[in-house]
Amino acid sequence: MKFVDEFRDAAAVRALADHIGSIVTRPWTIMEVCGGQTHTIVRCGLDELLPREIALVHGPGCPVCVTPIEMIDMAIEIARRPGVILCSFGDMLRVPGSKGDLFDARAAGADVRIVYSPLDALAVARRETEREVVFFAVGFETTAPTTAMAVHQAARLGMTNFSVISAHVRVPPAIEAILSSPSNRVQGFLAAGHVCTVMGIDEYRPIVERCRVPIVVTGFEPVDLMQGVAMCLAQLEEGRAEVENQYARSVRADGNREARRLIEEVFVPADRRWRGMETLPQSGLALSRRYRDFDAIRRFAIALPDADEPQECRAGEVLRGLIKPPQCPAFGKACTPERPMGAPMVSSEGACAAYFRAGRFGAAEAR
Amino acid sequence: MCLGVPGRIVGIAEEQGLRMGEIDFGGVCRKVCLAYVPEAQVDDYVVVHAGFAISIVDADEAERTLELIGEIEAELGPGEDES
Amino acid sequence: MKRRENHSPLAPACPIPPSKGDVIVIGHGSGGRLTADLVGRVFLPALSNPILDRLGDSAELTVGGSRILFTTDSFVVSPLRFPGGDIGSLAVHGTINDLAVAGGRPIAISASFILEEGFPIEEARRIAESMRAAADSAAVAVVAADTKVVERGKADGIFVTTSGIALAPEGLELGPERIRKGDAVLVSGPVGDHGIAVMSAREELEFETALTSDSAPLNGLVAAMLECGGRAIRCMRDPTRGGAATVLNELAKAGGVEIVVEESAVPVRDEVRAACEILGLDPLYVACEGRLVAIVEELEAEKVLAAMRAHSMGAMAARIGTVAGSGVGRVVLKTPFGTSRLLDVLPGAQLPRIC
């Protein structure tokens, strides 16, 4: 596949690993923000190729993992209403709410369907005019414009049987939360290449200036990640703190203007509780006043009590890069992909599931 | 986040007022919304996420990235053979 | 008795164990841990006998002086028709293959049909004809059959069950207990074709491809392999739902060995790779229906591979790994980058991802 295979070249990956080894002079902690990047790192064992001085920690960049437990409960509640078809991305179906997941709802008779795109959900609504179709909109700023277009289309076509549960979240508040935590160890970031394809890179400049941390916008293939680490390391070793763009083949400085425009039209920032973390101000996206008729939570008048996580689950610390999954006492014992306690064990992008499936149980993993 | 995969536009048509592209991912084709890449034309490569093209792949930048890495490989000299 | 599955690649599978209660959940049909649990707690204790207790893909019986293999399987796939086959051809190939990978020479199969009221007769005819063609291509006949009809809503169009008997190979008992350190791991062709072909026929995912299912009978290929390699062939399995990774794990656990697979050596068609990329799936976990994995003594591996490639069902056969050692019962994947990771079984179905 063009523009994919070249960035998986083993010789290039090894060369970059050697290069990184040759310029590092002391320990550094770098965080990759995005779940898709975590997935590649664990699948390819890229962190094993890095010199011991570099600790790669995994951030909260798995929107499936950080979707608040209350929103999952609401999605399940809505799915159970008669006449509703709930459409969702596949990886959300096994994330546990406080009493089961969307799969359980399906087993109990709810019509829950996997879609690849919000436009697929819209197509279902156009076909099934007697039913209420609700799309569970999960994802970061990469996915928000896709939901925005579906809602915009529904409005334009005068559709009355389509609505969305907007669980979208924004990345910059998460990075700020990590950096402002007193126990933060992260010294440099690999920012999410597809989020930045949409949002551009300018919103990271204030963070870099204020916190003096290098941020390198990075792609998702093994070569991209190694190059991103190399660029971040160079900054750290040279005492620089800038925003750099490793993924220039997709990311432009001002991102995708049309997509940003529609996000601003359809959504407004809202405070949002991240699962495993606290409420981050302005970190979520809710439907704007103009499009509030398409807000499923409003339409179905749902209000559920706050839900609590099992005490043992330390997903929050994993998501903040404070611990690695094997350091959680429940990892691999009370908490496995078959009986997940928290979301990072369910989604295959979640650090806990990625580690478990790759067989990384040892103390060596915890460095 | 976000699974985004590059594919080549092989056809463009309008559906329900939206500009849609037929994208070839290398033997598998899918219809993708091109509303966010209005300048995209047939034969362009786009990055696709959740059924939408979110950027046009800049082939020059891709080339430049690979060249930079090629320089690093050259600097390090002839490496060890594949084990 | 087999821990078999409902053959829909995307059918949701609940991974949560049955502590939930006393009813069947869809995950009991996934072929994974829940299914094993159901078999182990309910059916095995009730039906227990020395042959069933072995839990092989087929049962081995001695009749007079001959060893006979006997197996059964049900097919509830949706959609009923997909590029490269339908529920009928799938049902015939599936049972033939269970016999074939035990080294059996299939003699005859039976087929029973449960039809839903309202199901188009023309569809039923098409499925029956498809089964005839599949049986012919495997040089086997459907010698017994039965039909039943249930009320509308009580079956998903049509359910098919096939059973089959075969002659066990002379003087040879294939099985994972024969696996030894140093053995070669071979696969008969590219993986994941069936799963992707079926997904492309499902409305909600909507992608087009010229790819067809690999559903096919393997008895001819197996006969060629046995003639060439004989005792050097330790055992074979046919990956179905759960893909190559799942059967490799079955073999590793049953044989108590560690299997090392070279990721770059696993044959995958470009179309399957592309489809997996856009859906976020790993081809090693995507269903096959006409492939086999064979563990072969190292010294004979090249010869057996050549015999496979000379056969129409094994043209793209490849060596994908080696049995590295005994004790652990796991599969390790070596990446093209020189690193390794565990290739574990999934708790439930692999789901398309957004991240």
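In the predicted model, A:Thr29 finds its bridge partner in A:Ala55 of β2(A), strands and helices being DSSP runs numbered from the N terminus (E, at least two residues, for strands; H or I, at least four, for helices). This pair belongs to a parallel match between β1 (residues 28-34) of chain A and β2(A), joined by six bridges; two strands are taken to pair if DSSP finds at least two bridges between them. Both strands are part of an open sheet of five strands in chain A, in the order β2-β1-β7-β8-β9, with parallel pairing. At its edges stand β2 (54-61) and β9 (243-245) of chain A, each with a single partner strand, so one side of each has no neighbour in the sheet. From one strand to the next the twist averages 25°. Helix α2(A) packs on this sheet, where it touches β1, β2, β7 (188-192) and β8 (215-218) of chain A, and its direction makes about 120° with that of β1(A). Here and below, contact means that the C-beta atoms of two residues, placed from the backbone, lie within 7 Å, while axes are lines fitted to C-alpha atoms, for helices over the stretch in contact, with angles from 0 to 180 degrees between N-to-C directions.

A handy residue for inspecting the edge strand β9 of chain A is A:Val243. A:Val243 is buried, with 20 C-beta neighbours inside 10 Å; the cut-offs are 20 or more other C-beta atoms within 10 Å for buried, 12 or fewer for exposed, and partly exposed in between, with C-beta atoms placed from the backbone. Leaving aside residues up to four places away in sequence, A:Val243 touches A:Ile201, A:Tyr204, A:Arg205, A:Val208 and A:Ile215. Its C-alpha atom lies 10 Å from that of A:Ala253, 10 residues away in sequence.

Chain A also holds an antiparallel pair, β10 (residues 267-273) and β11 (residues 279-287), linked by six bridges. Within it, A:Pro269 has A:Leu285 of β11(A) as its bridge partner. The two strands form a hairpin with five residues between them, and A:Gly276 in the turn has a positive phi of about 85°.

Attention now turns to helix α1(A), which has packing partners in chain A and in chain B. Within chain A, α1(A) and α12(A) pack at about 15° with their axes 9 Å apart. The two helices are therefore roughly parallel, the classes being under 35 degrees for roughly parallel, over 145 for roughly antiparallel, 65 to 115 for roughly perpendicular and oblique for the rest. Their crossing is left-handed, which means that the near helix is turned anticlockwise from the far one by less than a right angle, whereas a clockwise turn is right-handed. Residues in this contact include A:Leu16, A:Ile20 and A:Ile23 of α1(A) and A:Val223, A:Met226 and A:Leu233 of α12(A). By class, the contact has 13 nonpolar, two polar and one charged residues; Ala, Val, Leu, Ile, Met, Phe, Trp, Tyr, Cys and Pro count as nonpolar, Asp, Glu, Lys and Arg as charged, and the others, Gly among them, as polar.

Across the chain boundary, the axes of α1(A) and α1 (residues 59-75) of chain B come within 9 Å and cross at roughly 65°. These two helices are therefore roughly perpendicular, and their crossing is left-handed. A:Ala11, A:Ala12, A:Ala15, A:Leu16 and A:His19 meet B:Ile69, B:Ile72 and B:Glu73 there. This contact has six nonpolar, one polar and one charged residues.

For the whole interface, 45 residues of chain A are in contact with 33 residues of chain B. The elements giving two or more residues to the chain A side include α1 (10-23), α2 (35-44) and α12 (222-238). The most come from α1(A), with seven residues. The chain A side divides into 22 nonpolar, 15 polar and eight charged residues.

Several loop residues complete the picture. Most residues other than glycine have a negative phi, and most peptide bonds are trans. B:Gln16, in the loop between β1 (5-15) and β2 (18-24) of chain B, has a positive phi of about 55° and is exposed, with 12 C-beta neighbours inside 10 Å. B:Asp43, in the loop between β3 (28-33) and β4 (45-49) of chain B, has a positive phi near 85° and is exposed, with 8 other C-beta atoms within 10 Å. In chain C, the peptide bond from C:Ser78 to C:Pro79 is cis, with omega near 0°.

Residues are numbered from 1 along each chain as its sequence is written, and chains are lettered from A and ligands numbered from 1 in the order in which they are written. As this is a predicted model, local features need pLDDT of at least 70 and side-chain atom pairs count only at pLDDT 80 or more, while totals for chains, interfaces and linings use all residues.
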